[in-house]
Amino acid sequence: MADHSEQACRRVDESITRVFELFGKRWTGPIVSVLLQQPVHFADLRRAIPGISERMLSDRLTELGAAGLVVREVDEGPPLRVSYRLTRAGAAMEPALKELALWAQTYLVVDEGGC
């Protein structure tokens, strides 16, 4: 019989829980993936991720900043522009994300009706 006690539930790895609390949210992975290539201005980042709203992008960037993975930089201009880049901690996600991408290519079924 499975152990569903509170004690057993606490055995879930806390670091994995923290990772998926952040990366389990829609759009977080694609944002980091784009930023792995180079620092990007907000508008260019939005164009690189089809379907994301300005509000959602702003919210996710704020969360990634609070987690210490992304830095917001203001280009004085004119015109005034805001760009985002990964911190060293954010860039350190690259090997893990590449492994996840390889895993997905191998094991996740592609929806043939999608684009």
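This report walks through the fold, the nonpolar core, the largest pocket and a few individual residues of a predicted model.

**The overall layout**

Let's start with the big picture. The protein chain contains seven helices and three strands. Going along the sequence, these elements come in the order α-α-α-β-α-α-β-β-α-α. The chain has 115 residues, and 23% of them count as buried. As for contacts between residues with a separation of 6 or more, 44% come from residues 24 or more positions apart.

**The nonpolar core**

Next up is the inside. The largest nonpolar core has 21 residues, and the members that touch the most other members are Ile31, Leu35, Leu45, Leu61 and Val70. Helix 2 (14-23), helix 3 (28-37), helix 4 (42-48), helix 5 (54-66) and strand 3 (81-86) each put in at least two residues. Helix 3 is the top contributor, giving four residues to this core.

Val70 is a good place to look around. Once its neighbours within four places in sequence are set aside, Val70 is in contact with Leu35, Leu61, Leu64, Gly65, Tyr84, Arg85, Leu86 and Thr87. Two of those partners, Leu35 and Leu61, are also listed with Val70 among the core residues that touch the most other members.

**Strand 3: Ser83 and Tyr84**

Tyr84 sits in strand 3. At 9% relative accessibility, Tyr84 counts as buried, because the cut-off for that label is under 20%. Not counting residues up to four places away in sequence, Tyr84 touches Leu35, Pro39, Val40, Phe42, Leu61, Val70, Val71 and Arg72. If you want a distance to check in your viewer, try Tyr84 and Gly65: they are 19 residues apart along the chain, and their C-alpha atoms are separated by 9.4 Å.

Ser83 is in strand 3 too. With a relative accessibility of 6%, Ser83 is buried. Leaving out neighbours within four places in sequence, the contacts of Ser83 are Val40, His41, Val71, Arg72, Glu73 and Asp75. Val40, Val71 and Arg72 therefore turn up as contacts of both Ser83 and Tyr84, where contact means heavy atoms within 4.5 Å.

**Aromatic pairs**

The model has two aromatic pairs. Here they are with their geometry:

| Pair | Centre to centre | Angle between planes | Arrangement |
|---|---|---|---|
| Phe42 and Tyr84 | 6.4 Å | 55 degrees | tilted |
| Trp103 and Tyr107 | 6.1 Å | 40 degrees | tilted |

Phe42 belongs to helix 4 and Tyr84 to strand 3, so this pair ties together parts that are 42 residues apart in sequence. The other pair sits within one element: Trp103 and Tyr107 are four residues apart in helix 7, so about one helical turn separates them. Trp103 is partly exposed, at 44% relative accessible area. Tyr107 comes out as exposed, with 58%.

**The largest pocket**

Trp103 shows up again here. The largest pocket has a volume of about 200 Å³. Its lining consists of Val19, Phe20, Phe23, Met93, Ala96, Leu97, Leu100, Ala101, Trp103, Ala104 and Leu108. Sorted by type, that lining has eleven nonpolar residues, no polar ones and no charged ones. Helix 2 and helix 7 (94-107) each supply at least two of the lining residues. Helix 7 gives the most, with six residues. Helix 2, meanwhile, is also one of the elements that supply at least two residues of the largest nonpolar core.

**An unusual backbone angle**

One last residue is worth a look. Most residues other than glycine have a negative phi. Trp27 is not a glycine, yet it has a positive phi of about 90 degrees. You'll find Trp27 in the loop between helix 2 and helix 3. Although it lies in a loop, Trp27 is buried, with a relative accessible area of 13%.

Methods: Residues are numbered from 1 along each chain as its sequence is written. This is a predicted model: local features need pLDDT of at least 70, side-chain atom pairs count only at pLDDT 80 or more; totals for chains, interfaces and linings use all residues. Side-chain values use heavy atoms; hydrogens and water are left out. A nonpolar core is a set of buried Ala, Val, Leu, Ile, Met, Phe, Trp, Tyr and Cys residues joined through side-chain atoms within 4.5 Å. Buried means under 20% relative accessible area, exposed over 50%, partly exposed in between (1.4 Å probe, protein chains only). On a 1 Å grid over the protein atoms alone, a cavity is a set of points where a 1.4 Å probe fits but cannot get out, and a pocket is an open set with protein on both sides within 12 Å along at least five of seven lines; lining residues have an atom within 4 Å of a point. Grid points are joined across faces, edges and corners, and a volume is the space filled by probe spheres set on the points. Ala, Val, Leu, Ile, Met, Phe, Trp, Tyr, Cys and Pro count as nonpolar, Asp, Glu, Lys and Arg as charged, and the others, Gly among them, as polar. Rings of Phe, Tyr and Trp (its six-membered ring) pair if their centres lie within 6.5 Å; planes under 30 degrees apart count as stacked, over 60 as edge-to-face and the rest as tilted.
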